[in-house]
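Let's read a fold together, one feature at a time. Pull up the model and follow along.

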Amino acid sequence: MLRIAVPNKGTLSQPASQMLRDAGYRQRTDPKDLVCRDDANNVEFFYLRPRDIATYVGTGDLDLGITGRDLLVDSGVPAEELLDLNFAGATFRWAATPGSIGAGEQIGGRRIATAYPGVVERYLAEKDLKADVVRLDGAVENAVRLGVADLIADVVETGATLRQAGLVTFGDPLLHSSAILIGRPQAAPPGAAQLLRRLQGVLVARSYVMLAYDVPASLLDNATALTPGIESPTVSPLQREGWVAVEAMVKRADVHRVMDELYELGARAILVTDIANCRL
């Protein structure tokens, strides 16, 4: 039976469970449940602290897990990213008092406060820099004001909390994080490939819609140039002489522009339908 770790709380929890439901897997109905068996798919889900998931997967106690890229990097365990799940995005940045530090290379020899020492230490190793990393469990924004550190490394969204602490960001981001599916290197437990395909199908379904429209056959080439689909569009003759019906997958982000261009071209009865899941 495939054993998968799922976040039990926090910003990763609900989206992760919803994505697994959308992929056809059973999920817990009571947030207090620690385990959920899906016998139909031969999978067992374990609900764990997001920060612990990489450790369980890295040791081989669990086969796969959903966690944040930041938490995987911070753990330092022998697990690898298998798929970016495209939710719970976060950016890690440097911050210090204005004018005190000007670029990422100037952090050498400084004291850096962070709740993610593994992320910072990897960056320092990649840049061949030495610094004193001060681990804090939270509220790192106050570390500079309290004299614990010269700068901090933390998740930055709007920057409002930093400004309240008298800090500004500088340099390039340390890491762009999001929710990911992780596993062990070279490990392919039974059922893992199916899970990966299903999750990829959910990601595609969330990124695309099905666009259907009617268009004069004389304009078909121009219309399908706007809607090439994945492999190619589906084209069917209509009872109305000289007209055809077309169906094609279109990027969700582009659909309104494409609909406008199709209408201007001469297409009519333009309809958009959500895609629940797919296999490409």
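Q: Before the big picture, a detail: in S14, what is the bridge partner of Val-235?

A: Val-235 is bridged to Val-246 in S14. Two strands count as paired if DSSP finds at least two bridges between them, and the helices (H or I, at least four residues) and strands (E, at least two) are DSSP runs numbered from the N terminus. Here strand S13 (residues 234-237) and S14 pair in the antiparallel sense over four bridges. Their hairpin has five residues between the strands, and Gly-242 there takes a positive phi near 85°.

Q: What should I know about the model itself?

A: It's a predicted model: local features need pLDDT of at least 70 and side-chain atom pairs count only at pLDDT 80 or more, while totals for chains, interfaces and linings use all residues. Residues are numbered from 1 along each chain as its sequence is written, and side-chain values use heavy atoms, with hydrogens and water left out.

Q: Over how many bridges do strand S12 and strand S14 pair?

A: Strands of a sheet pair through backbone hydrogen bonds, either parallel or antiparallel. Strand S12 (residues 208-216) and strand S14 (residues 243-251) go antiparallel, over nine bridges. One to click on: Ala-212, whose bridge partner in S14 is Glu-247.

Q: How do I read the order of the open sheet of six strands?

A: Go across the sheet, neighbour by neighbour: S2-S3-S1-S4-S11-S5, with mixed pairing. Strand S2 (35-38) and strand S5 (80-84) stand at the edges with a single partner strand each, so one side of each has no neighbour in the sheet. From one strand to the next, the twist averages 30°. At the S5 end, S5 and strand S11 (residues 179-183) pair in the antiparallel sense over four bridges, with Leu-83 bridged to Leu-181.

Q: Which strands does helix H1 touch?

A: For contact, look for heavy atoms within 4.5 Å; for angles, axes are lines fitted to C-alpha atoms (for helices over the stretch in contact), and values run from 0 to 180 degrees between N-to-C directions. Helix H1 (residues 13-22) touches strand S1 (2-7), strand S3 (43-48) and strand S4 (64-68), and its direction makes about 145° with that of S1. H6 lies across S1, S4, S5 and S11, at about 40° to S5.

Q: What is the order of the open sheet of five strands?

A: That one reads S8-S7-S9-S6-S10, again with mixed pairing. Strand S8 (132-135) and strand S10 (168-177) are its edge strands, each pairing on one side only. Strand S7 (residues 111-114) and S8 run parallel over four bridges, and Ala-113 has Val-134 as its partner in S8.

Q: How many residues does the largest nonpolar core have?

A: A nonpolar core is a set of buried Ala, Val, Leu, Ile, Met, Phe, Trp, Tyr and Cys residues joined through side-chain atoms within 4.5 Å, where buried means under 20% relative accessible area (1.4 Å probe, protein chains only). The largest has 45 residues, and those with the most contacts inside it are Phe-45, Trp-94, Ile-107, Leu-174 and Leu-199. Helix H6 (residues 192-207) gives the most to this core, with five residues. A second, separate core of 14 residues includes Val-209, Leu-211, Val-258 and Ile-270.

Methods. Buried means under 20% relative accessible area, exposed over 50%, partly exposed in between (1.4 Å probe, protein chains only).
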